[in-house]
Amino acid sequence: MPLFDVYPLYNVTPVSGKDILVYDNEGTEYLDLYGGHAVISIGHAHPNYVEAITNQVNTLGFYSNAIQNPLQKQLADKLEALSGCQGYELFLCNSGAEANENALKLASFKTGKKRVVAFSNGFHGRTSAAVAATDNKNIIAPINAQQAVTILPLNDIEGVKRELEKGDVCAVIVEFIQGVGGLDQGTTAFFEQVDALCKANNTMFIADEIQCGYGRSGKFFAFQHYNVTPDIISLAKGMGNGFPIGGILIHPDIESKHGMLGTTFGGNHLACAAGLAVLKTIEGENLIENTNIISEYFIEKAKTIPQIKNIKGRGLMLGLEFDFEVGDLRKALIYNHKIFTGGASNKKLLRILPPLTIKKEHVDQFFEALTKALVEIEASV
Ligand SMILES: Cc1ncc(COP(=O)(O)O)c(C=O)c1O
């Protein structure tokens, strides 16, 4: 049976990984500056992670949400301690889209309203309400288009005020650092005013931290670079280091009711074991501190490359903008220099999303390769 062909694929077949390196089926080593799309937070096959999942699957891999599962509470407590989000409550699910779908649903339950405000070039996943909150027409089916969504330009504070004062907006959803859109960020004044406008208009402020959260921005959550208090924070990607897990942190002002949200697999024993191993490793190996150190080093090196016209993002969620489309450069990096990088909908942007365990020597290796790859692609035109 053929696979439904929705992904354009590079011709590489990774079969194993160790920290920031992956190996293909012929034993070739690759430097992973893409982190499996910002998913690999603590490194491939981290011993803490392997041990936690192995022990758990040998004990109890799954039972339903109809019984007590103390691992969920352990995960919630550890998340509260590391994130500093005191008093929030945790709902666990399986992916980023599902986290945002539940966040939007909860905002609608809480406010009794149904319109959503989101921003140009944003991305929040592919389920019904989440996918409608994007301006990428290619991924919105007619069934999704019936959601009431208003898309505004990032930083359009007058637009946010105008829409929220109409009284029917249940949620404003934002990525504090845009992912696939190309690493744009709102201004401090914009984010802080959106927060205030949400509070004044009974609208839930949803921070989509699926890509920029879990230490990647240099703080536990990217919204923590600003003075804002989101009502709901959505998580996935780095939370499980590859094990499928997502979640939302819910402000205590939003009351739970039995049956209001639910999932079969969300918060299962294996997922919690993976999630706990990730948090313990982020803490034990000071990975947020490492993120800031390596980010600064990376940015300094990037500034010395004349072809790089702009450096975007924060922490280890960085974008290098060139004045040409980077498709060939990415191919040269992967096939000639054995380095994975990411792309964006901004075709001139090379995205850097490595495991947070990355060291300076890997950054040096990348810039040596980049310099050579730039010569190669210039010679080929
Ligand atoms: C900011 C953001 N939100 C939501 C999602 C959707 O997550 P998932 O693919 O796990 O459904 C993504 C995935 O790339 C993302 O980057």
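1. Helix 11 crosses helix 12 in a right-handed sense. In this predicted model, helix 11 covers residues 327–336 and helix 12 covers residues 360–380, with an angle of about 120° between them and axes 9 Å apart. That angle makes the pair oblique, because oblique takes in what falls outside the parallel, perpendicular and antiparallel ranges, and antiparallel would need over 145 degrees. On the helix 11 side, the contact uses Asp328, Leu329, Ala332, Leu333 and Asn336, while helix 12 brings Ala369, Ala373, Glu376 and Ile377. Sorted by class, this contact has six nonpolar, one polar and two charged residues.

2. Next, helix 2 (residues 47–59) against helix 9 (residues 269–284). Their angle is about 155°, and the axes lie 9 Å apart. The two helices are therefore roughly antiparallel, and their crossing is right-handed. From helix 2, the contact takes in Asn48, Tyr49, Ala52, Ile53, Gln56 and Val57. From helix 9 come His269, Leu270, Ala273, Ala274, Leu276, Ala277, Val278, Lys280 and Thr281. If you colour this contact by class, you get 10 nonpolar residues, four polar and one charged.

3. Helix 7 (residues 157–164) and helix 8 (residues 188–200) also pack, at an angle of about 10° and with axes 10 Å apart. So these two run roughly parallel to each other. Ile157, Val160, Lys161 and Leu164 are the helix 7 residues in the contact, meeting Phe190, Gln193, Val194 and Leu197 of helix 8. The class count here is six nonpolar, one polar and one charged.

4. On to the sheets. One of them is open and has four strands in the order 1-2-3-13, with mixed pairing. Its edges are strand 1 (14–18) and strand 13 (339–340); each has a single partner strand, so one side of each has no neighbour in the sheet. Inside that order, strand 2 (residues 21–24) and strand 3 (residues 29–32) are paired antiparallel over three bridges. If you want a spot to look at, Val22 has Tyr30 of strand 3 as its bridge partner.

5. There is also an open sheet of three strands, ordered 11-12-14, and its pairing is antiparallel. Strand 11 (310–314) and strand 14 (349–352) are the edge strands here, each with a single partner, so one side of each is left free of a neighbour in the sheet. Ignoring direction, neighbouring strands of this sheet are turned by 20° against each other on average. Strand 12 (residues 317–321) pairs with strand 14 in the antiparallel sense, over four bridges. Within strand 14, Leu350 is the bridge partner of Leu320.

6. Last, the ligand. Its shell has 14 residues, and the closest are Gly96, Ala97, Gly125, Gly179 and Gln211. Which helix gives the largest share of the shell? That is helix 4 (residues 96–111), which supplies three residues. By class, the shell around the ligand splits into five nonpolar, seven polar and two charged residues. When you read that split, keep in mind that Gly is counted as polar.

Notes
Residues numbered from 1 in each chain as written. Predicted model: local features only at pLDDT ≥ 70, side-chain atom pairs only at ≥ 80, totals over all residues. Near = placed C-beta within 6 Å. Axes fitted to C-alpha atoms, helices over the stretch in contact; angles between N-to-C directions. Parallel < 35°, antiparallel > 145°, perpendicular 65-115°, else oblique. Left-handed = near helix turned anticlockwise from the far one by under 90°. Contact = placed C-beta atoms within 7 Å. Pairing = 2+ DSSP bridges.
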